[in-house]
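Thanks for coming. I will go through one structure this morning, taking a sheet, a helix residue and some ring contacts in turn.

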Amino acid sequence: MGEVWLAYDRVLARSVALKLLYPHGKPDEQARRRERFLREAQLAASVIHRNVVHTLDFGTTARGEAFMVMEVLDGETLGDRLEREPLTVAQLVHVVRLVTRGLIAVHEAGIVHRDLKPDNVFLIEDADGIFPKLLDFGISRDLRGGSSAVTTREGRLVGTPRYMSPEQARGMSHVDRRTDLYAAGVLLYEALAGEPPFDSENLGDLMIQIITEPAPPLSARRPDLDPELCHIVERALAKDPAERFADAREMHDALTAYARRLARAPLMSSIPRTAPSRPPADD
C-alpha cells in the first residue's frame with residue numbers, strides 16, 4: 001500500500017519515520033484508501049504509551065500523497081528476532097508481558113488491534129533495557145465510535161490467518177478485546193514451541209482447525225515447561241472468549257506473577273543496532 005522512509009523533521013531537528021501511501025487506482029478508490037489510512041493514523045495517535053509506537057502527524061504532500069509521521073524505532077521485530085535467535089522462557093515472558101501492557105492501553109482507548117503477531121511487535125533498547133512496541137493499526141477497530149481502519153462485514157476475514165481468534169476466523173465483524181488476547185496466546189505458544197498451534201498451507205483447512213479443533217497441548221511440544229506457564233497460554237487460546245482472560249490486565253498480571261518466579265533468569269542479550277526497519281504491510 002505504500003513505503004516507509006527515514007525522514008528528517010527540520011523544524012524539531014529530529015529523525016522520524018514517514019509512511020507514504022501510494023496514489024494507485026481510480027480517484028474514488030484513492031479516496032477510500034486515503035480515508036482508511038487517515039483512520040489508521042487517528043486510531044494509532046489516540047494511544048500514547050511506552051509499549052505502543054507513537055504517531056506524530058498526518059498530512060498530504062504537494063503531489064497529493066497522504067503520509068503518516070511516526071517515531072523512528074531502532075531494532076528489529078520479534079519475528080526477525082525469533083528467526084535469528086531463540087529467546088529463553090524468561091525473555092519471552094518478559095516481552096509478552098510488556099505486549100499485554102501495551103494492549104491494556106490500546107483497549108482502554110476503546111481499540112481492538114486485530115492483527116497482533118510477531119512482525120507487529122518491535123523490540124527496541126534504551127537506557128532502561130529492551131522492551132516491545134506494538135505496530136500497525138491498519139485493521140484496528142474503534143469499539144466506542146464503531147469505526148475501523150478497514151470496513152468489515154460479516155463473513156469477511158480480517159487479520160493474519162495464523163493469529164486469528166476463532167471468532168475472527170468465522171468472519172465475525174464485531175470482535176472484542178479478547179481476540180487480541182487469543183493472538184497474544186498464539187504468539188507466546190509459537191515462540192515457546194517453535195511452531196504455531198495451528199498451521200496449514202490451505203487457508204480453508206487452517207480456518208477449520210482454528211474454529212473447531214483444540215490447540216495441541218503446549219506441554220506435549222515442550223514437556224520441560226512449567227505447568228503454570230502452559231496454563232496461561234492455554235487459557236489465552238480458549239475457543240470460547242468467556243473462558244480466556246477477562247482482559248489484558250488480567251493476562252498481564254498472570255504473566256507478571258509468573259515472571260517473579262523467573263526473576264533470577266539471565267537478561268535478554270542486546271539486539272543489533274540496525275537501520276530503522278520498515279513496518280510490515282497488512283496481510
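Let me start with the sheet. Three strands make up an open sheet, ordered β5-β7-β8, and the pairing in it is antiparallel. Before going further, please keep in mind that this is a predicted model. The edge positions belong to β5, residues 75-77, and β8, residues 129-134; each has a single partner strand, so one side of each is left without a neighbour in the sheet. As for twist, neighbouring strands here are turned by 25° against each other on average, with direction ignored.

Now the pairing of β5 in detail. Its partner is β7, which covers residues 121-126, and the two run antiparallel over three bridges. Which residue of β7 is the bridge partner of Thr77? That is Phe122.

What packs on this sheet? Helix α3, residues 89-108, does, and the strands touched by α3 are β7 and β8. The direction of α3 makes about 45° with that of β8.

Staying with β8 for a moment, there is a charge over a ring to mention. Phe131 falls within the stretch 129-134 that makes up β8. Arg50 lies over the face of Phe131, at 3.7 Å from the ring centre.

Next, a residue in another helix. Leu181 is part of α5, the helix spanning residues 178-193. Is Leu181 buried or exposed? It counts as buried, because its relative accessibility is 0%, and the cut-off for buried is under 20%. Leaving aside residues up to four places away in sequence, Leu181 touches Leu103, His107, Ala236, Phe245, Asp247, Ala248 and Met251. Of these, Leu103 and His107 fall in the range 89-108 of helix α3, the helix that packs on the sheet. There is also a C-alpha separation to report: Leu181 and Arg235 are 54 residues apart along the chain, and their C-alpha atoms are separated by 9.5 Å.

Last, the aromatic rings. How many aromatic pairs are there? The count comes to one. The pair is Phe37 with Phe58, and its geometry is tilted, with 5.6 Å centre to centre and 55° between the planes. Phe37 sits in helix α1, residues 27-45, and Phe58 in strand β3, residues 55-60; they are 21 residues apart, and the pair links distant parts of the chain. On accessibility, Phe37 is buried, with a relative accessible area of 1%, whereas Phe58 is partly exposed, at 22%.

That is what I have; comments are welcome.

Methods:
Residues numbered from 1 in each chain as written. Predicted model: local features only at pLDDT ≥ 70, side-chain atom pairs only at ≥ 80, totals over all residues. Heavy atoms only, no water. Pairing = 2+ DSSP bridges. Helix = DSSP H or I, 4+ residues; strand = E, 2+ residues; numbered from the N terminus. Axes fitted to C-alpha atoms, helices over the stretch in contact; angles between N-to-C directions. Contact = heavy atoms within 4.5 Å. Buried < 20%, exposed > 50% of the residue type's maximum accessible area, 1.4 Å probe, protein only. Phe/Tyr/Trp six-rings, centres within 6.5 Å; stacked < 30°, edge-to-face > 60°. Lys NZ or Arg CZ within 6 Å of the ring centre and 35° of its normal.
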